[in-house]
Amino acid sequence: MKRSGRDMTHPGFEAQLDAYLDGELAAGDAHELEAHIAQCPECARFRDGRLELRAAISARTPAFQAPDALRERVRAALRTETRGRAPRRLGWQGVWRPLALAASLVVVALGSWNLALERAAGRALADDVLASHIRSLMPGHLTDVLSSDQHTVKPWFNGRLDFSPPVYDFAAQGYPLLGGRLDYVDGRTVAALAYGRRKHLINVFLWPVARRPSGAPTTRDRQGYHLLHWTTTDYTYWVVSDLGREELHDFARLVQQVDSPQPAAR
Amino acid sequence: MDSSALTRFEAAVLPHLDAAYTLARYLTRNAHDAEDVVQDACLRALKYFDSFRGEEGTSARAWLLAIVRNTAYTWRRRRGGAALATEFDETQHSPVEVDDRPDKELLARALDRLAPEFREVIVLREIEGLSYKEIGDVAGVPVGTVMSRLSRARARLQEALRETERP
């Protein structure tokens, strides 16, 4: 390869040398280049500089490992997507993103208390709830009816559900109502209510079930989220959140107080 | 899509989640956004899985990385011009944790400050170990362009390192 010193700094030639070092040069060209480098100190220096850079990159810029929580999120989202469940979408992206970044809080009422008493079934339900929660965090999935007015949200469910879910705004206590939507949990359509807590999200899913009230919520921790579960005389609830457990229990108490004819259990 | 199709999809795609996350991390320069991009990309990939299986000569990894790349660029555009405008503005970066080895941060920072089309070829070649052909598939450019971008990106990184070594 006959190159003058000036040519060797030409970007085209550097690219050739890079391709050679990357093993991307055809064998014939590579041999020619090797022969040239052997008798050209300038090209040898160039090669050495690139080798140093390559060593530095491999030593100091890491390949990242996908966090376990992300892996689970992806799997749950894929499963949800595959199940063909597609709640109506309404433009919520603008407000959704900053809220979702900080993560969220979900109240879910579902299933029967008896079912929840069975460990395995309870686990499956918790998975279902968590999948719904995760799906709601995706853009456009949080609310079908976007309103902070409980008197707008509650009537919206009329005709869409075979029950009229209790809807309350807790803005005064720091948990403003964001809206509502329909979701699908454990084989049936449930009501879902979204609340906010600072930059966190709250989703409420609920459906009626005539069982004995459970009183204090039971707690599960899963993939960095807390899941609270309890029943009233009319409804069964699950609460999912990565919010602090204390705040989550505070919120659950608010819901219990307004939503149950019985005094709050805690 | 039935459950066996999902199983096939997961078997093809999930092994490359680390690679997907790494590319997303370097393109978004932010762990939270990278997670959003990866999740979004996986759902897009699921949607287009049929078209991928019909295609010959593309590895599942390169295919997924192409979707991650496009998702990251879409994410960038959604953020408006801000992300692009601040490309070379150091002050826009959130404070990095103090590192015992200060030179580690210098190289990482130099990489962060490269324009995305240069940053991505470095990541795909040096960290993911893709061939020029695969990088071309991911970035949607001819192999010749991959070659020249890679060379220019390396020259810029070396310049950046030389500058920081000066007293």
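**A helical chain B and a stranded corner of chain A**

Read chain B from start to end and you get the pattern α-α-α-α-α-α-α-α-α-α. That comes to 10 helices and 0 strands. Keep in mind as you look around that this is a predicted model. Of the 167 residues in chain B, 40% are buried. Now take the contacts in chain B with a separation of 6 or more: 66% of them are between residues 24 or more positions apart.

Next, see how chain B meets chain A. Here 32 residues of chain B are in contact with 29 residues of chain A. On the chain B side, the elements giving two or more residues are α1 (3-13), α2 (17-28), α3 (31-47), α7 (102-113), α8 (116-127) and α10 (143-165). Helix α10(B) gives the most, with 9 residues. Sorted by class, the side of chain B that touches chain A has 17 nonpolar, 6 polar and 9 charged residues.

Over in chain A, let's follow three strands, beginning with β3 (residues 177-185). It is joined to β4(A) by 8 bridges, and the two run antiparallel. To find your place in this pairing, look for A:D183, which stands opposite A:V190 in β4(A). The two strands form a hairpin with 2 residues between them, and in that turn A:D186 has a positive phi of about 55°.

β4(A) then pairs with β5 (residues 200-208) of chain A, again in the antiparallel sense, over 7 bridges. This is a hairpin too, with 2 residues between the strands, and A:R198 in the turn has a positive phi of about 50°.

So how enclosed is β4 (residues 188-197) of chain A? Count its residues: 8 of the 10 are buried, which means that the strand is largely enclosed by the rest of the structure.

For a closer look, pick A:A191, which is found in strand β4 of chain A. Is A:A191 buried or exposed? The cut-off for buried is 20 or more other C-beta atoms within 10 Å. A:A191 has 28 C-beta neighbours inside 10 Å, so it counts as buried. Its bridge partner in β5(A) is A:L206.

Leaving aside residues up to four places away in sequence, A:A191 touches A:F157, A:L161, A:P165, A:G180, A:L182, A:F205, A:L206 and A:W207. Take A:L161 from that list: A:A191 and A:L161 are 30 residues apart in sequence, yet 7.6 Å apart in space, C-alpha to C-alpha.

How values were computed. Residues numbered from 1 in each chain as written. Chains lettered and ligands numbered in written order. Predicted model: local features only at pLDDT ≥ 70, side-chain atom pairs only at ≥ 80, totals over all residues. Buried ≥ 20, exposed ≤ 12 C-beta atoms within 10 Å, placed from the backbone. Helix = DSSP H or I, 4+ residues; strand = E, 2+ residues; numbered from the N terminus. Pairing = 2+ DSSP bridges. Contact = placed C-beta atoms within 7 Å. Nonpolar A, V, L, I, M, F, W, Y, C, P; charged D, E, K, R; others polar.
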